[in-house]
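Let's go through a few labels in this structure together and see what stands behind each one. Have a look at the model first.

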Amino acid sequence: MNKKSLINSVLENFKVLIGALIIAIIIRSLIFQPFYIPSSSMEPTLLIGDRIFVSKYTYGFSKHSFPFSPNIINERIHYKEPQQGDSVVFKTPEDNRTDFIKRLVGLPGDEIQFIDGEIFINNKKIKRKKIETNAKARCGKVVFDVNKYEETLPNGIKHIAIYNKEGTIQNTKKFSVPENHFFLLGDNRDCSRDSRFDNIGYVSFINLVGKAQIIFFSNDTTKNSLLKFWKLNNSFRIDRLFKKIK
């Protein structure tokens, strides 16, 4: 191969790589983005080691739809308001960089409060039904006993939430959700940093990244790292493969 042919070959391969990179960025920014679940704050809905796809188009697009959140727009394009009960990925107001995933409970204008361990939305207690009393959940490296409930939000959406048996959050102040903001909670109510805490607080509609849709892979990283692929049979959760996220 002569020098000219070699240069042409290198340039052609470079064009292919650039084209593939552009397509990958478009898919990641506008359609679907994969995320890894590193904590237990959304148990039992999402477990440590779940890998999920998040739809980027569901709520429209903002600067946080793109890699590194470039400061090119300060609004949402094709905005569609989330629904109560959605599992939402968002950039934390604390630094506008870290991705969190929580359950959307409060819409703009809603008032949220915990009273005697139960959630009230606009002064009405949400319906909940205890479905398990001998469940276990993680919080960091600790495993504790929990009660598992099926909760029904005002719009009829049902989800599973768990509360620590040994002591759970009982009473809070009344949270009044501002315009264009949302109130989000982890399903693992006593092991979640969420809108109840000042460093997270209400989440702006600009900070929404997308809606969690499906688990495409899951392995229990407390047993084996994905890097130890020869031991995956001990940790691979086949029952969670392509499971729709509720």
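**One disulfide and the sheet beside its name tags**

By the distance rule for sulfur atoms, this predicted model has a count of one disulfide.

Q: What makes Cys139 and Cys191 a disulfide?
A: Their sulfur atoms are 2.2 Å apart, and the cut-off asks for a pair within 2.5 Å, so the two cysteines qualify.

Q: Why is the disulfide of Cys139 and Cys191 called right-handed?
A: The torsion about its S-S bond is about 90 degrees, so the right-handed label applies.

Q: Which parts does this pair tie together?
A: Cys139 belongs to strand E8, while Cys191 sits in the loop between strand E12 (181-185) and strand E13 (203-204), so parts 52 residues apart in sequence are joined.

Q: Why is Cys191 called buried?
A: Its relative accessibility is 16%, and buried means under 20%, so the label fits.

Q: What makes Cys139 partly exposed?
A: Cys139 has a relative accessible area of 25%; partly exposed lies between the 20% and 50% cut-offs, so that is the class it falls into.

Q: How do you know that E8 and E9 pair?
A: E8 and strand E9 (residues 142-152) share 10 antiparallel bridges, and at least two are needed, so they count as paired. Within this pairing, Arg138 stands opposite Val143 in E9.

Q: Why are E8 and E10 said to stand at the edges?
A: The open sheet of three strands runs in the order E8-E9-E10, with antiparallel pairing. Strand E8 (127-139) and strand E10 (158-164) each have a single partner strand, so one side of each has no neighbour in the sheet. Neighbouring strands here are turned by 30 degrees against each other on average, direction ignored.

Methods
Residues are numbered from 1 along each chain as its sequence is written. This is a predicted model: local features need pLDDT of at least 70, side-chain atom pairs count only at pLDDT 80 or more; totals for chains, interfaces and linings use all residues. Side-chain values use heavy atoms; hydrogens and water are left out. Helices (H or I, at least four residues) and strands (E, at least two) are DSSP runs, numbered from the N terminus. Axes are lines fitted to C-alpha atoms, for helices over the stretch in contact, and angles run from 0 to 180 degrees between N-to-C directions. Buried means under 20% relative accessible area, exposed over 50%, partly exposed in between (1.4 Å probe, protein chains only).
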